[in-house]
Amino acid sequence: MVYSAYGPRFNVRQDYDRLLGQRFWTWLTGKGRVLNASERAHAMRPLSNARTLAHLFGSWVAIGLALWIGDRAASSTSAMLAVLGVAACWLVVVNRGRSLQACFHYMTHGAAMPHRGLAQLVATVLFTAPFLYQSWRAYNASHVKTHHHLRVLCSDDDPDQCFIAANGLRPGMPEWAFWLRVWLRPFAPSFIRGQLREGFLHTLIEPDWPERLWRLLVLAVPLGLALAHGWLDRFLLLFWLPVLLLLPHSLWLQLITEHLWFAPRDAQTGTASGYGRLTWGRFQGRPLPRGGLLAWARWWGAALAFDVPVRLYVYPQDLPNHDFHHRFPLAPYHAIADLRRTCEREASRFGPVREVWGFLAGLRMLRDHLCHADAAPFRFSAVTPPLLRRTHHERRHPYRPTRSRDQGLRPTGWQDTVLGAGHRLPAPSLRSRPQRADTGGRRR
């Protein structure tokens with residue numbers, strides 16, 4: 001496995017194998033357990049029609065309960081209870097909406113609900129219509145056939161990269177512009193107008209007439225019921241506001257860390273090994289504490305404050321293992337965490353697997369790629385946990401030199417073995433900011 005300059009450079013999930021509640025740790029980290037041969041063969045089967053339907057209906061039951069709780073909380077005389085209840089409702093709507101989108105995604109690939117005709121109808125009624133999303137046919141054309149193509153991913157012909165470029169992310173951009181667009185771009189009026197326009201096109205223009213009628217019916221029935229029962233304002237507040245504002249923000253944060261966008265073209269472009277280096281596992285978690293009760297309290301505090309929100313809002317369901325999905329599109333989402341860990345050390349035509357531990361670590365890696373022309377962010381081999389004890393400055397700025405009391409001026413992040421070409425990078429100067437040989441030019 002290969003790692004970037006940020007986050008732990010070893011399999012943190014392996015430390016969790018001795019803890020109780022393995023299903024919880026698989027969910028929290030996004031990384032599963034190692035399967036035996038029979039379990040692996042069973043896990044590769046597509047999710048059945050019945051189980052896919054149960055998942056979809058279960059998500060809508062959760063949304064319905066969240067709307068009811070949000071309505072009761074909003075009717076409370078306590079302002080604090082009202083805010084907490086509405087916020088919880090928004091989180092559930094976004095999380096279950098993301099889960100429905102992920103399930104729809106696997107249905108189009110054939111990894112869930114093998115009955116294609118039923119899958120298309122169910123996807124229209126339970127996801128694409130109520131969330132103003134692309135139709136089955138349009139998504140198949142733009143995502144399954146185009147984005148997944150070996151020679152298209154992360155190129156100018158990739159629809160996802162075109163969308164990212166249209167919203168301001170590009171190579172050579174300044175850091176302040178990068179962070180501004182990462183966190184706030186989905187709340188810009190132009191972005192919201194674009195999403196509403198796309199929703200109108202997806203609903204009334206792009207689909208054929210049978211699907212168009214289904215979509216209008218799915219939208220009209222709940223709106224009519226809400227209007228008839230005097231619940232329209234609550235319906236707009238508790239459902240449509242998070243769908244139109246927070247769901248695109250959640251999707252944006254996931255999308256920009258999904259691949260190595262604007263990757264430089266070279267001899268490996270369009271090959272399996274070149275395809276494999278464009279995506280990586282995005283896991284949450286940190287090494288287990290070595291101290292006493294206080295260390296464990298801090299560890300749990302970090303897990304609850306950072307890992308749980310990321311898994312609920314940014315990377316729900318199978319998304320930490322999106323790299324494995326690109327290698328094996330038919331791997332079903334319910335078992336992909338276990339399948340990836342089982343296969344990650346096996347030789348593959350896509351090359352070694354890559355992974356990043358921590359959402360912010362992934363963003364900093366992308367910042368280096370776009371703002372500082374780091375064309376090969378995954379060049380570090382796995383290290384043992386004691387070697388990971390770096391300062392706060394080193395974790396945030398692995399390429400900037402720091403002054404140590406006993407070592408003088410020294411570079412950070414360059415002492416690890418470099419993979420890929422089979423050699424180490426040339427040692428940078430100790431009196432200047434290091435220039436990376438693989439960028440093809442001066443660091444901006």
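Gln317 sits in the loop that links α14 to α15 (322–327). In this predicted model, the phi of Gln317 is near 55°, a positive value in a residue other than glycine. Gln317 counts as partly exposed because its relative accessible area is 21%, and the buried class stops under 20%. Such a backbone angle is worth a remark, since most residues other than glycine have a negative phi. Met113 is another case: it is not a glycine, yet its phi is positive at about 55°. Met113 belongs to the loop between α5 and α6, and with 0% relative accessibility it is buried. Just after α5 comes Gly110, which also takes a positive phi, this one about 85°.

Stepping back to the whole chain, the protein has 18 helices and six strands. Of its 444 residues, 50% are buried. Contacts reach far along the sequence: among those between residues at least 6 apart, 73% join residues at least 24 apart.

Confidence is uneven. The mean pLDDT of the protein is 88, with 86% of the residues at 70 or more. Among the elements, helix α9 (residues 175–184) has the highest mean pLDDT, 98, and strand β6 (residues 408–410) the lowest, 34. Over residues 398–444 the pLDDT is below 50, though the model still gives this stretch 83 contacts beyond near neighbours in sequence. Residues 386–395 also stay under 50, with 15 contacts beyond four places in sequence. Where pLDDT is low, the predicted coordinates should not be read in detail.

Now for the helices. Helix α5 (residues 79–109) has 31 residues, so at 1.5 Å a residue it should span 45 Å; its end C-alpha atoms are indeed 45 Å apart. Helix α4 gives a similar check: its 26 residues should span 38 Å, and the 37 Å between its end C-alpha atoms agrees with that. Along α4, the buried residues are Thr52, Leu56, Ser59, Ile63, Ala66, Leu67, Gly70, Asp71 and Ala73. Their cover includes α5, α6 (116–128) and α12.

Trp60 is also part of helix α4 (residues 49–74), but it is partly exposed, because its relative accessibility is 23% and burial requires a value under 20%. Leaving aside residues up to four places away in sequence, Trp60 touches Leu100, Leu126, Pro130, Phe131 and Phe239. Trp60 and Val93 are 33 residues apart along the chain, with 9.0 Å between their C-alpha atoms.

Phe131 and Phe239 turn up again in the largest nonpolar core. This core has 85 residues, and Met107, Phe131, Leu169, Phe178 and Phe239 touch the most other members. Helix α12 (residues 232–256) supplies its largest share, 11 residues. Phe178 touches Leu169, Met173, Leu363, Leu366, Arg367, Leu370 and Cys371, not counting residues up to four places away in sequence. Another core lies apart from the largest one; it has 14 residues, among them Met1, Tyr16, Trp25 and Ala303. In soluble globular proteins, nonpolar side chains tend to be buried together.

Two helix pairs show how the packing is arranged. The axes of helix α2 (residues 22–29) and helix α14 (residues 293–313) come within 9 Å and cross at roughly 65°, which means that α2 is roughly perpendicular to α14. On the α2 side, Phe24, Trp25, Thr26, Trp27 and Leu28 meet Trp299, Trp300, Ala303, Asp307, Val308, Arg311 and Leu312 of α14. Trp25 and Ala303, both in this contact, are also members of the core of 14 residues. For α9 and α12, the axes come within 8 Å and the crossing is roughly 135°, so α9 is oblique to α12. Here Arg181, Val182 and Trp183 in α9 meet His249, Trp252, Leu253 and Ile256 in α12.

Last comes Thr146, in helix α7 (residues 136–147). With a relative accessible area of 24%, Thr146 is partly exposed. Its contacts, not counting residues up to four places away in sequence, are Ala141, Val152, Asp157 and Pro159. Of these contacts, Asp157 is 11 residues from Thr146 in sequence and 8.0 Å away in space, C-alpha to C-alpha.

Conventions:
Residues numbered from 1 in each chain as written. Predicted model: local features only at pLDDT ≥ 70, side-chain atom pairs only at ≥ 80, totals over all residues. Heavy atoms only, no water. Helix = DSSP H or I, 4+ residues; strand = E, 2+ residues; numbered from the N terminus. Expected span 1.5 Å × (residues − 1). pLDDT = per-residue confidence, 0-100. Contact = heavy atoms within 4.5 Å. Core = buried A, V, L, I, M, F, W, Y, C linked by side-chain atoms within 4.5 Å. Buried < 20%, exposed > 50% of the residue type's maximum accessible area, 1.4 Å probe, protein only. Axes fitted to C-alpha atoms, helices over the stretch in contact; angles between N-to-C directions. Parallel < 35°, antiparallel > 145°, perpendicular 65-115°, else oblique.
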